[in-house]
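Biologist: I would like a close look at one part of this protein. Please take me through the strand that pairs with several others, and then show me what lies around it.

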Amino acid sequence: MSESAVPVNLADKLAQFSELWSQKKVAVLNDYEVKLAKLKGEFVWHTHEDTDELFLVISGRLTIQLRDGDVVVEPRELFVVPRGVEHCPLADEETAILLFEPAGTINTGDAGGPMTKAAEILS
């Protein structure tokens, strides 16, 4: 059986790491990466000029701060930040998310800085 014929168990994948704000690639779909991350605290304000960014909350609660108001995303909900919109993820409690974005998307977008990390492959 090929690897692509095996489902990805998100709970099992999330149990494999504890680092916060570190994206873990769990699948590839065409030119897109499906990534998991655990968040707590505030990230950095940033923009992705060339791509939308999909956040799906698995557990916890995610606030996506936007310049014109906050969006609260609960478990089993998703929100798409449109390309070019400045945003800053915030999690008051540990929150597990799934991200869907083009391969090579920099997690800090145009902001750069010490929180910039390439996605790691999680096998």
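Modeller: What follows starts with the whole chain, moves to strand 7 and its partners, and ends in the loops.

This is a predicted model. The protein has one helix and eight strands. The helix comes at the N-terminal end of the order, which runs α-β-β-β-β-β-β-β-β. The radius of gyration is 14 Å, close to the 14 Å that the globule rule gives for 123 residues, so the protein is as compact as a globular protein of that length. The C-alpha trace spans about 50 × 30 × 25 Å along its principal axes.

Some totals help before the close look. Of the 123 residues, 39% are buried. Take the contacts with a separation of 6 or more: 67% of them join residues 24 or more positions apart. The exposed surface comes to about 6900 Å², with 52% of it supplied by carbon and sulfur atoms. There are 11 positive and 21 negative charges, and the mean positions of the two sets are 5 Å apart.

Now to strand 7. This strand covers residues 87-102. Strand 2, residues 32-42, is one of its partners. The two run antiparallel and are joined by ten bridges. One pair to look for is Glu42 of the protein with Leu90, its bridge partner in strand 7.

Strand 3 is another partner. Strand 3 takes in residues 53-59 and pairs with strand 7 in the antiparallel sense, over five bridges. Two positions let you trace this pairing. Phe55 stands opposite Leu99 in strand 7. Ser59 stands opposite Ala96, also in strand 7.

Then comes strand 4, residues 62-66. Strand 4 and strand 7 are again antiparallel, with four bridges between them. Here Ile64 has Pro89 of strand 7 as its bridge partner. So much for the pairings of strand 7 itself.

Step out by one strand. Strand 3 also pairs with strand 6, residues 78-81. That pairing is antiparallel and has four bridges. Glu53 finds its bridge partner, Val81, in strand 6. Strand 3 thus has two partners to follow on screen: strand 7 and strand 6.

Just ahead of strand 6 is a loop worth a stop. Arg76 lies in this loop, between strand 5 (69-73) and strand 6. Arg76 has a relative accessible area of 75%, so this residue is exposed. Its C-alpha atom is 5.7 Å from that of Val57, although 19 residues separate the two along the chain.

Next, follow the chain out of strand 7. The loop between strand 7 and strand 8 (120-121) holds Gly113. The relative accessibility of Gly113 is 48%, which makes this glycine partly exposed, as the exposed class starts over 50%. From Gly113 to Phe79 is 34 residues in sequence and 25 Å in space, C-alpha to C-alpha.

Thr116 sits in the loop between strand 7 and strand 8 as well. With a relative accessible area of 33%, Thr116 is partly exposed. Leave aside the neighbours within four places in sequence, and Thr116 is in contact with Ile106, Asn107 and Thr108. Thr116 can also be placed against the N-terminal part of the chain. Gln23 is 93 residues away in sequence, and its C-alpha lies 10 Å from that of Thr116.

That leads back to the start of the chain, where two backbone angles deserve a check. Trp21 is in the loop between helix 1 (10-14) and strand 1 (24-29). Its phi is near 60°, a positive value in a residue other than glycine. Asn30 is the other case, with phi near 55°, again positive in a residue that is not glycine. Asn30 belongs to the loop between strand 1 and strand 2.

How do these two residues stand in terms of cover? Trp21 has 11% relative accessibility and so counts as buried. Asn30, at 70% relative accessibility, counts as exposed. The cut-offs behind those labels are under 20% for buried and over 50% for exposed.

To retrace the route, begin at strand 7. Follow its ten bridges to strand 2, its five to strand 3 and its four to strand 4. Cross from strand 3 to strand 6. Then look at the loop that holds Gly113 and Thr116.

Key
Residues are numbered from 1 along each chain as its sequence is written. This is a predicted model: local features need pLDDT of at least 70, side-chain atom pairs count only at pLDDT 80 or more; totals for chains, interfaces and linings use all residues. Side-chain values use heavy atoms; hydrogens and water are left out. The radius of gyration is taken over C-alpha atoms; the globule rule is 2.2 Å times the number of residues to the power 0.38. Buried means under 20% relative accessible area, exposed over 50%, partly exposed in between (1.4 Å probe, protein chains only). Contact means heavy atoms within 4.5 Å. Accessible areas come from the Shrake-Rupley method with a 1.4 Å probe; for residues, only the protein chains shown count as cover. Lys and Arg count as positive and Asp and Glu as negative; His and the chain ends are not counted. The place of a charge is taken as NZ of Lys, CZ of Arg, CG of Asp or CD of Glu. Two strands pair if DSSP finds at least two bridges between them.
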